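Work through the exercises below with the sequence and the 3D view side by side. Each task comes with a stepwise solution.

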Amino acid sequence: MKLISLSKLGLILVLSLLLAACSSEAEDTEKQAVNLAYVEWETEVASTHVVGQVLEDLGYDVTLTPLDNGIMWEALANGEVDGMVSAWLPQTHAPQVEKYKGRIDDLGENLLGGKIGLVVPSYMDVDSIEDLTDEAGKTITGIEPGANITGTTEKAYEIYPNLEGWTVLSSSSVAMTGALKQAIENKEEIIVTGWSPHWKFNLFDLKYLDDPKGMYGTEEYIGTFARNGLKEDNPEAYSVLDNFHWTPEDIESVMYDIMEGMDPKDAAKKWIEENEAKVADWTKDVK
């Protein structure tokens, strides 16, 4: 029987430790992959990049996947993405929540004080949806066709007969804000589908039209959802999503930086650096 020299034994031990470390690292890397879906609305671009950056700073391999609203909910229900922080409730996305009930995990609100409705420049002499007659060429500038606010507005004539014969011009959130900016610069009439929080209220003097029949509901909140099984598969990432809460002032500061030309990732990093205590509360359950 041959004796193994101490030097050879040491080498074997070192190699064994390296192999174990590599194996453990590979397992951690696989465990730490997180895919967040979002719709390319300004609010969701801001919030998703902030949450994604927080997870990335914790060592997760993060993918941010922009999707159409309907596809985002379907992907979450099918387990193709891990989570999202983009649900407007209790009304706007209620149809999707009902459709996928039992197939998605509701983590509750992440931001209070949301609102949707028809928005006009303050210089327009109209204050209520009921007052509309022939303003802006009987055209409402909307966003993506798949957005619930667009679908609601397209059926507005069923609740407000004075909107019979009006046109909803579907575009995108970027195109909508561009049209709003151009109209204001030229002091023209324009009516848009709007929501807050949004940087446009910081940049322009705007007002919501009163909605006496409640077509757009009352105050909304933005909620977080996860795929079924994420809590068991990746409990720490789940806890970050579950703990994520902030204010309209928080999100508007990120949105404004992005609107001013900052890359969303850089805007997220800036906000995180300036709000360490808040981020620490989101990550308190991560070891």
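Two strands count as paired if DSSP finds at least two bridges between them. The model is predicted.

**Exercise 1. Find the bridge partner of G83, and describe the strand pairing around this bridge.**

Solution.
- Step 1. Look in strand 9: A226 is the bridge partner of G83 there.
- Step 2. Count the bridges. Strand 3 and strand 9 are joined by 5 bridges.
- Step 3. Read the direction. The pairing is antiparallel.
- Step 4. Check burial in strand 3. Of its 7 residues, 7 are buried.

**Exercise 2. Describe how helix 3 starts, what it packs against and what follows it.**

Solution.
- Step 1. Begin at the start of helix 3. A side-chain oxygen of D68 comes within 3.1 Å of the backbone nitrogen of G70.
- Step 2. List the buried positions in residues 69-77. They are N69, M72, W73, A75, L76 and A77.
- Step 3. Recall the helix geometry. An α-helix has 3.6 residues a turn, so residues three or four places apart point the same way.
- Step 4. Find the packing partners of the buried residues. Among them are strand 1 (33-38), strand 3 (83-89) and strand 9 (220-227). Helix 4 (94-99) and helix 5 (148-154) are also partners, as is strand 4 (104-121).
- Step 5. Move past the helix. G79 follows helix 3 and has a positive phi, near 75 degrees.

**Exercise 3. Locate H93, decide whether H93 is buried or exposed, and identify the cavity that H93 lines.**

Solution.
- Step 1. Place the residue. H93 sits in the loop between strand 3 and helix 4.
- Step 2. Apply the cut-off. Buried means under 20% relative accessible area. H93 has 1% relative accessibility, so H93 is buried.
- Step 3. List the contacts beyond four places in sequence. H93 touches W41, N69, W73, S86, A87, W88 and N148.
- Step 4. Turn to the cavity. H93 is one of the residues lining the largest cavity, including W41, W88, N148 and W195. The volume of this cavity is about 100 Å³.
- Step 5. Sort the lining by class. The largest cavity has 7 nonpolar, 3 polar and no charged residues.

**Exercise 4. Give the volume and lining of the largest pocket and of the second largest pocket.**

Solution.
- Step 1. Start with the largest pocket, at about 240 Å³. Its lining includes Y38, W41, S173, W199 and M259.
- Step 2. Trace the lining to helices. Helix 2 (42-57), helix 6 (173-185) and helix 10 (248-259) each supply at least two residues.
- Step 3. Classify. The largest pocket has 8 nonpolar, 2 polar and 2 charged lining residues.
- Step 4. Go on to the second largest pocket, at about 150 Å³. Among its lining residues are K115, I129, Y208 and D211.
- Step 5. Find the main contributor. Strand 4 gives the largest share, 4 residues.
- Step 6. Classify again. This lining has 6 nonpolar, 3 polar and 3 charged residues.

**Exercise 5. Pick out the unusual backbone geometry at P90, P197, K138 and K187.**

Solution.
- Step 1. Set the expectation. Most residues other than glycine have a negative phi, and most peptide bonds are trans.
- Step 2. Check the prolines. The bond from L89 to P90 is cis, with omega near 15 degrees. The bond from S196 to P197 is cis, also with omega near 15 degrees.
- Step 3. Check phi. K138 has a positive phi near 55 degrees. K187 has a positive phi of about 55 degrees.
- Step 4. Compare accessibility. K138 is partly exposed because its relative accessibility is 35%. K187 is exposed, at 60% relative accessible area.

Terms used:
Residues numbered from 1 in each chain as written. Predicted model: local features only at pLDDT ≥ 70, side-chain atom pairs only at ≥ 80, totals over all residues. Heavy atoms only, no water. Buried < 20%, exposed > 50% of the residue type's maximum accessible area, 1.4 Å probe, protein only. Contact = heavy atoms within 4.5 Å. Polar contact = N/O pair within 3.5 Å; in protein donor to acceptor, adjacent residues only side chain to side chain. 1 Å grid on protein atoms, 1.4 Å probe; cavity = no way out; pocket = protein on both sides within 12 Å on 5 of 7 lines; lining within 4 Å. Points joined across faces, edges and corners; volume = space filled by probe spheres on them. Nonpolar A, V, L, I, M, F, W, Y, C, P; charged D, E, K, R; others polar.
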